[in-house]
Amino acid sequence: MKDVLLIAAFALGGAVCAGLAGAVVLRAVRHRSVAVSLTVVAAVTVTAMLAGTLAVAQAMFLSAHDLWVVTVVVAMAALVSLCTAVALGRWVVARSRALARAARDFGDGGSFSAPDGAATAELAALTRELAATSARLDASRRRERSLEASRRELVAWISHDLRTPLAGLRAMAEALEDGMAADPARYHRRIRTEVERLTAMVTDLFELSRIHAGTLALSPSRMSVYDLVGDALSGADPLAREHGVRLVGEDVEAVPVEVDGKEMTRVLANLLVNAIRHTPADGTIAVAAERRDGAVVVSVTDGCGGIPDEDLPRVFDTGWRGTEARTPPAGAGLGLAIVRGIVEAHAGSAEVRNVPGGCRFEVTLPAAAG
């Protein structure tokens, strides 16, 4: 037993010396290629074995011939180990470089294409993560391009919508200043109307900017959808009468929801105003609310005649107004974008689809617990 412990001690001493030397070398080449590190690891392993073997051989007073045989055997093992380490390192390096080239391509605006060939489990996992990241970046680029296009359209449309009333306000102000207005009171009323419309436009822009910036502060409370719809119908009734449109809200269930009453009333008001503007005189606008699959669905159905299928995906985009003339009172195209922003801030969704004679806007909100 004593001899075994002594042999183990000699072998351990030689291996530790080789291991310490290898650690120093690994630290020196830690910033080099993984192929170099693998070669060093293989060399350290073989050197540790050789050092331990030689230490034991010297302690056991082996003959020169036996010591030479042991040294040759270990050297051959070292040669094979080093060749294997170099081949493995070169393969890993080649795969890593191919992965780096693929990552560089999608980082420059392209799409990620995984390099061909087998890979280690870690490199395969990294490839999958890069592919998922590429997909997210591609979706982000598409959203950014869409938002940028919407912003350009919005700026163009807002500029057009502001230019017309501002020119009218300037003309009326000059007429009043020069004493050329035959009916000053009428001019004052028109100026007030235009100012109110411009104020509403600026308010919508401010609301939309808060939504896009994620700073829309909500104060949710438990309330009935029946009350929300009732308040919205009451507020839109004068405009509906002015346009000769009938509002109907008979299919509204008293379902509880957790929402910000002020913001959700704005959502319904925007939907009703939009429906009234696009429904011909003597038409009907129906408002309904029901519980569906654990959620509350509020719908507004108008008689606009329908929306072209190619335009349906853009209805809630900022500044979108379809093929109508981009002049007042069509609005700045912000109402439905605000609707979607407020609804999504409530963890809901807004959709639109065509129905016979018109289209139906649906707002889906989570139902209140209990």
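Which residue just after H8 takes a positive phi? In this predicted model, the residue is Ala347, with a phi of about 65°. The legends below start from helix H8 and go on to other close-up views.

**Figure 1. Helix H8 and its surroundings.** The helix spans residues 335–345. Its buried residues are Leu336, Ala337, Ile338, Val339, Gly341, Ile342 and Val343. The elements that cover these buried residues include helix H5 (184–213) and helix H7 (261–278), together with strand S6 (349–355) and S7. Just after H8, the positive phi of Ala347 can be located in the backbone.

**Figure 2. The aromatic pair Phe316–Phe361.** The count of aromatic pairs comes to one. Phe316 and Phe361 are arranged edge-to-face, with 5.9 Å from centre to centre and 85° between the planes. The pair links distant parts of the chain, 45 residues apart: Phe316 belongs to the loop between strand S5 (295–301) and helix H8, and Phe361 to strand S7 (residues 358–366). Is each of the two residues, Phe316 and Phe361, buried or exposed? Both are buried. The pair counts as edge-to-face because its angle of 85° is over 60 degrees.

**Figure 3. The salt bridge between Arg292 and Glu362.** The side chains of Arg292 and Glu362 meet at 3.7 Å, N to O. Arg292 lies in strand S4 (residues 284–292) and Glu362 in strand S7, so this salt bridge ties together parts that are 70 residues apart in sequence. Arg292 is partly exposed, at 33% relative accessibility, whereas Glu362 is buried, at 6%. Salt bridges with shared partners join Glu290, Arg292, Arg353 and Glu362 into one network.

**Figure 4. The salt bridge between Arg170 and Glu174 in helix H4.** A search of the whole structure gives six salt bridges, and this view shows one of them, Arg170 with Glu174. The closest N and O atoms of Arg170 and Glu174 are 3.2 Å apart. Both residues lie in helix H4 (residues 121–177), with a spacing of four residues, or about one turn of the helix. Arg170 has 60% relative accessibility and therefore counts as exposed. Glu174, at 37% relative accessibility, counts as partly exposed.

**Figure 5. The salt bridge between Asp237 and Arg241 in helix H6.** The side chains of Asp237 and Arg241 meet at 2.7 Å, N to O. Asp237 and Arg241 are separated by about one helical turn, because they are four residues apart in helix H6 (residues 225–243). Asp237 is partly exposed, at 27% relative accessibility. Arg241 is exposed, with a relative accessible area of 64%.

**Figure 6. Ser224 and its contacts.** Ser224 lies in strand S1 (residues 221–224). Why does Ser224 count as buried? Its relative accessible area is 17%, and a residue is buried because that value is under 20%. A polar atom of the Ser224 side chain lies 3.1 Å from the backbone nitrogen of Tyr226. With neighbours within four places in sequence left aside, Ser224 is in contact with Ala254, Val255 and Pro256.

How values were computed:
Residues numbered from 1 in each chain as written. Predicted model: local features only at pLDDT ≥ 70, side-chain atom pairs only at ≥ 80, totals over all residues. Heavy atoms only, no water. Phe/Tyr/Trp six-rings, centres within 6.5 Å; stacked < 30°, edge-to-face > 60°. Helix = DSSP H or I, 4+ residues; strand = E, 2+ residues; numbered from the N terminus. Buried < 20%, exposed > 50% of the residue type's maximum accessible area, 1.4 Å probe, protein only. Salt bridge = Lys/Arg side-chain N within 4 Å of Asp/Glu carboxyl O. Polar contact = N/O pair within 3.5 Å; in protein donor to acceptor, adjacent residues only side chain to side chain. Contact = heavy atoms within 4.5 Å.
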